[in-house]
Amino acid sequence: MFREFVTNEGVKIPTDSVSESRGWLDRRSFLMCALASGAAIGAGGAAAAASAEPVSSSSGAQGQDDSRFVVEAKFYEKLANRKIKCKLCPRACTVGDKERGYCGVRENRGGTYYTLVHSRVCAAHVDPVEKKPLFHYLPGTNAFSVATAGCNVNCKFCQNWEISQSRPEQIPADYAPPQRVAALAKQYKCPTIAYTYSEPVIFSEYLMDTADAGHKAGIRSIVVSNGYIQENALKQAYGKMDAVKIDLKAFTEKYYRDVVTGQLKPVLETLVTLRKMGKWTEIVYLVLPTLNDNDAEFRGLAKWIKANLGPDVPLHFTQFHPEYLLKNLPITPVPTLERAKAIADAEGLHYVYIGNVPGHPAQNTYCPQCHKLLVERAGFTANRVLIRKDGNCPYCKHPIPGIWHA
Ligand code: SF4
């Protein structure tokens, strides 16, 4: 079965990114998760009828037929002595025979490199697209969201560390081939499939095949990613995406080294490449007290975005909640988030949001020209979308960037 996280606070559903801080969903949402899970992998039900694939199920890591999840990797180079060099993410792991790369989901078997997580889904859920968060992409719709185990970084604040930091065989997962996911998205009336919760970079082959299956069924694809990916893989894998959310976790190499176990520069390069590719992209910056919350960093970030991506890229400053290895830090104070937004606004960014603070007015979209309210949100729900079909403000006709209507 897909993984559920049970604690003394109830049932925890994976959050949409390692940077998003609200993993707790209401009972109804959990039931949707359970329904989706059962439909995806259980013995029958409407989803089974909807699927072109035979139903199969497995109940956990033990005794799984792993061979069906093993597919040759797309991005690697063969070296001498049965070694390989992975060309998927900037770690560029050199991996010997019978060894795995840093992410733990790719294995060298006799000089051929394999992903171990194709169709190996450990979490699935029907989520509002606002939860990703994508605010300028089909507001008010749901995304059929899937994840496999694994990640290519190790953020100390990760909300989903139980899946992101696990090897595939350490957690229960089920066989959800691309056509099945596309059929489920359709069944649950989701116009999009979202690759999320852990780090989709490390399941790129599955993401690519699922995006193809989705597109054939009229379902779009969106990815929630750390952007830590090599350029060629980015172009090929995320080239199949219809929208992208990138977690820009800080604006210093020090933070990326000490807190993320990664690098900032490749993520910035990813953002520039996505811009050149014309992909709809939104950026989330999770604000951690004392670690990435100073004015100079906010200002530098906003200046860089404006200069390199333009003023219309949505930027979400989100509230941190203590988790994983950083339980010693407090929740981000709302005034800190408001200060970050004020700085980014003053630098000329047009769409700066505050996230994880339900009811805050900075969750809404306003026209940058006439300042009227255009999208009213409550939590992860878009209550009112006033933007016209042509993407313009209904009051002053100013074009509002994004994909507003299917
Ligand atoms: S995707 Fe995994 S194996 Fe490949 S370079 Fe990155 S961490 Fe290493």
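A residue is called buried here when its relative accessible area is under 20%, exposed when over 50%, and partly exposed in between, using a 1.4 Å probe and protein chains only. By that rule helix 4 has these buried residues: Pro178, Arg180, Val181, Ala182, Ala183, Leu184 and Ala185. This is a predicted model, in which local features need pLDDT of at least 70, side-chain atom pairs count only at pLDDT 80 or more, and totals for chains, interfaces and linings use all residues. Residues are numbered from 1 along each chain as its sequence is written, and side-chain values use heavy atoms, with hydrogens and water left out.

**The chain as a whole**

- The chain holds 10 helices and 21 strands; helices (H or I, at least four residues) and strands (E, at least two) are DSSP runs, numbered from the N terminus.
- Of the 406 residues in the chain, 57% are buried.
- Among contacts with a separation of 6 or more, 68% are between residues 24 or more positions apart; a contact means heavy atoms within 4.5 Å.

**The cavity and its ligand**

- The count is 1 cavity of 30 Å³ or more. A cavity is a set of points, on a 1 Å grid over the protein atoms alone, where a 1.4 Å probe fits but cannot get out, and its lining residues have an atom within 4 Å of a point.
- The largest cavity has a volume of about 80 Å³, where volume is the space filled by probe spheres set on the points, and grid points are joined across faces, edges and corners.
- Its lining is made up of Cys86, Leu88, Cys89, Ala92, Cys93, Gly101, Tyr102, Cys103, Arg106, Tyr113, Asn152 and Ile202.
- By class, that lining has 9 nonpolar, 2 polar and 1 charged residues. Ala, Val, Leu, Ile, Met, Phe, Trp, Tyr, Cys and Pro count as nonpolar, Asp, Glu, Lys and Arg as charged, and the others, Gly among them, as polar.
- The ligand takes up the space of the largest cavity; a molecule sits in a cavity if more than half of its atoms lie within 2 Å of its grid points.
- Around the ligand you will find Cys86, Leu88, Cys89, Arg91, Ala92, Cys93, Gly101, Tyr102, Cys103 and Tyr113, the test being a heavy atom within 4 Å of the molecule.
- This shell divides into 8 nonpolar, 1 polar and 1 charged.

**Helix 4 and what follows**

- Helix 4 covers residues 178–187, and 7 of its 10 residues are buried, so it is largely enclosed by the rest of the structure.
- Lys189, just after helix 4, takes a positive phi of about 60°.

**Strand 11 and the loop before it**

- Ala143 belongs to strand 11 and is buried, with a relative accessible area of 0%.
- Cys190 is 47 residues from Ala143 along the chain, yet their C-alpha atoms are separated by 5.2 Å.
- Leaving out residues up to four places away in sequence, Ala143 touches His125, Val126, Asp127, Lys132, Cys190, Thr192, Ala194 and Ile222.
- Thr141 sits in the loop between strand 10 (123–128) and strand 11 (142–147).
- Its contacts, again not counting residues up to four places away in sequence, are Asp127, Pro128, Val129, Glu130 and Pro191.
- The C-alpha atoms of Thr141 and Thr381 are separated by 8.9 Å, with their positions 240 residues apart along the chain.
- Pro133 is also found in the loop between strand 10 and strand 11, and a cis peptide bond with omega of about -10° joins Lys132 to Pro133.

**Positive phi outside glycine**

- Tyr324 has a positive phi of about 60° although it is not a glycine. Tyr324 lies in the loop between strand 17 (315–319) and helix 10 (334–346) and counts as buried at 17% relative accessibility.
- His371, not a glycine either, has a positive phi of about 65°. His371 lies in the loop between strand 19 (365–366) and strand 20 (373–378) and is exposed, with a relative accessible area of 58%.

**Leu291 and its partners**

- Leu291 is placed in the loop between strand 16 (280–287) and helix 9 (295–308), where it is partly exposed at a relative accessible area of 34%.
- Beyond its neighbours within four places in sequence, Leu291 is in contact with Tyr255, Val259, Glu297, Leu326 and Leu329.
- Ala250 is 41 residues away from Leu291 along the chain, and their C-alpha atoms are separated by 8.7 Å.

Conventions. 1 Å grid on protein atoms, 1.4 Å probe; cavity = no way out; pocket = protein on both sides within 12 Å on 5 of 7 lines; lining within 4 Å.
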